[in-house]
Amino acid sequence: MLGGFSIAPIPGIGLVAPGDDLASLLLDALAEAGLELRRGDMLAVAQKIVSKAEGRQVDLDSVTASEEARALAAQTDKDPRLVQLILDESTEVVRRKPGVLIVRHRLGLVGAHAGVDQSNIDHGEGDDAALLLPVDPDASAARLRAELLARTGCEIGVLITDSANRPWRLGTVGIAIGAAGLDVLDDRRGGTDLYGRELKVTLINRADSIAAAATLAMGETTERTPAALVRGLPPANATDHTAKMVVRPLDEDLFR
């Protein structure tokens with residue numbers, strides 16, 4: 001805890017299957033850990049369990065690779081079927097090299113492999129499955145928030161987190177890909193600093209900051225803790241903020 005702000009990992013959720021009720025799983029795990037939701041709390045939930053519950057796992061044997069996918073697969077040393085899934089989830093191939101395919105996801109996120117992941121999922125007898133991002137993570141967050149409100153009466157925020165790399169920085173950090181019930185951006189433009197100087201560009205990304213801290217608490221490999229309870233943040237002022245708001249518009253992209 002720091003200055004009243006705390007993050008508590010929520011263990012005991014277990015493996016999630018398609019159709020599972022995430023609200024029930026989260027509430028059961030909270031109770032088992034001796035925790036309960038309070039008004040103003042926030043739940044950070046890993047994308048992976050949201051995607052699993054929403055049936056976003058794909059059997060690669062069901063995928064037919066296009067000529068473009070086969071060509072990119074040859075350039076990047078990847079399974080053509082996996083590359084096809086990446087292309088299906090993307091709007092643009094940004095960069096490519098052996099082992100890496102950087103794309104712009106249909107949600108606007110720019111990163112490796114469009115979030116298509118083969119780690120920590122049940123592949124059955126082979127290595128032939130992949131997990132996609134939720135179709136609409138903001139809608140997923142809003143649904144989960146509504147379900148938790150209906151069952152507990154608590155107004156809380158919900159963040160769906162994922163791990164991402166950033167240009168010119170090594171290693172992954174947690175980011176927010178879905179949000180409901182929190183201030184995603186804190187716009188300080190037009191205010192002043194300690195010396196009265198006008199703030200012209202200060203736009204604070206609260207969602208990604210919280211997601212990074214929560215992801216650090218949850219872990220990103222074998223910890224099996226895909227959710228965290230965040231407590232002590234200032235109450236939300238905006239009720240209509242979504243994670244889509246943090247995606248920089250293409251016409252402001254200075255790195256293309």
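A pocket, as I use the word today, is an open set of grid points with protein on both sides within 12 Å along at least five of seven lines. Hello everyone, and please keep in mind that what we have here is a predicted model.

With that word in hand, let's visit the second largest pocket, which holds about 280 Å³ of space. Its lining is made of 18 residues, and those nearest the centre are Gly40, Glu155, Gly181, Pro235 and Ala236. By kind, the lining of this second largest pocket divides into eight nonpolar, four polar and six charged residues.

Now for a closed space. How many cavities of 30 Å³ or more does the structure hold? There is one. The volume of the largest cavity is about 80 Å³. If you would like to find it on the screen, look for its lining: Leu107, Leu109, Asp136, Pro137, Asp138, Ala176, Ile177, Ala243, Lys244, Val246 and Val247. Two elements, α5 (residues 137-152) and β9 (169-180), each give at least two residues to that lining. Here the residues split into eight nonpolar and three charged, with no polar ones.

Let's move on to helix α3, which runs over residues 67-76. Which of its residues are buried? They are Ala69, Leu72, Ala73 and Thr76. Looking down the axis of α3, you see these buried residues fall within an arc of 105°, so they line one face of the helix. There is a general point behind such patterns: an α-helix has 3.6 residues a turn, so residues three or four places apart point the same way. Over on the other side of α3, Glu67 and Ala74 are exposed. And what do the buried residues of α3 pack against? Their partners are α4 (80-88), β4 (90-97) and β5 (100-105).

One residue of α3 is worth a pause, and that is Thr76. Thr76 has a relative accessible area of 0%, so it counts as buried. A polar atom of its side chain sits 2.7 Å from the backbone oxygen of Leu72, and Leu72 is itself among the buried residues of α3. Leaving aside residues up to four places away in sequence, Thr76 touches Val83, Arg96, Lys97, Pro98, Gly99, Val100 and Leu101.

Step just past the end of α3 and you meet Asp77. This residue is in the loop between α3 and α4. Is Asp77 buried or exposed? Its relative accessibility is 63%, so it counts as exposed. Asp77 also has a phi near 60°, a positive value in a residue other than glycine.

Trp168 has a positive phi too, of about 65°, although it is not a glycine. You will find Trp168 in the loop between β8 (157-166) and β9. With a relative accessible area of 72%, Trp168 is exposed.

Back to α4, which is mostly covered, with seven of its nine residues buried. The buried residues of α4 are Arg81, Leu82, Val83, Gln84, Leu85, Ile86 and Leu87. They pack against β3 (57-59), α3, β4, β5 and β7. We have already met one of these contacts, since Val83 is among the residues that Thr76 touches.

Several α4 residues come up again with Val116, which is in the loop between β6 (110-112) and β7 (129-131). Loop or not, Val116 is buried, with a relative accessible area of 10%. Which residues does Val116 touch, once those up to four places away in sequence are set aside? The list is Leu82, Leu85, Ile86, Glu89, Ala130, Leu131 and Leu132. As for distances, 11 Å separates the C-alpha atoms of Val116 and Gln47, which are 69 residues apart along the chain.

Last stop, Ala17, in the loop between β1 (6-9) and α1 (22-32). Its relative accessibility is 32%, so Ala17 counts as partly exposed. Setting aside residues up to four places away in sequence, Ala17 touches Lys52 and Ala53. The C-alpha atoms of Ala17 and Arg70 are 53 residues apart along the chain and separated by 31 Å.

To send you off with one picture, take α3: its buried residues line one face, while Glu67 and Ala74 are exposed on the other side. Thanks for listening!

Methods: Residues are numbered from 1 along each chain as its sequence is written. This is a predicted model: local features need pLDDT of at least 70, side-chain atom pairs count only at pLDDT 80 or more; totals for chains, interfaces and linings use all residues. Side-chain values use heavy atoms; hydrogens and water are left out. Buried means under 20% relative accessible area, exposed over 50%, partly exposed in between (1.4 Å probe, protein chains only). Helices (H or I, at least four residues) and strands (E, at least two) are DSSP runs, numbered from the N terminus. The arc is that of the directions from the helix axis to the C-beta atoms. Contact means heavy atoms within 4.5 Å. A polar contact is a pair of N or O atoms within 3.5 Å; within protein, one must be able to donate a hydrogen and the other to accept it, and residues adjacent in sequence count only if both atoms are side-chain atoms. On a 1 Å grid over the protein atoms alone, a cavity is a set of points where a 1.4 Å probe fits but cannot get out, and a pocket is an open set with protein on both sides within 12 Å along at least five of seven lines; lining residues have an atom within 4 Å of a point. Grid points are joined across faces, edges and corners, and a volume is the space filled by probe spheres set on the points. Ala, Val, Leu, Ile, Met, Phe, Trp, Tyr, Cys and Pro count as nonpolar, Asp, Glu, Lys and Arg as charged, and the others, Gly among them, as polar.
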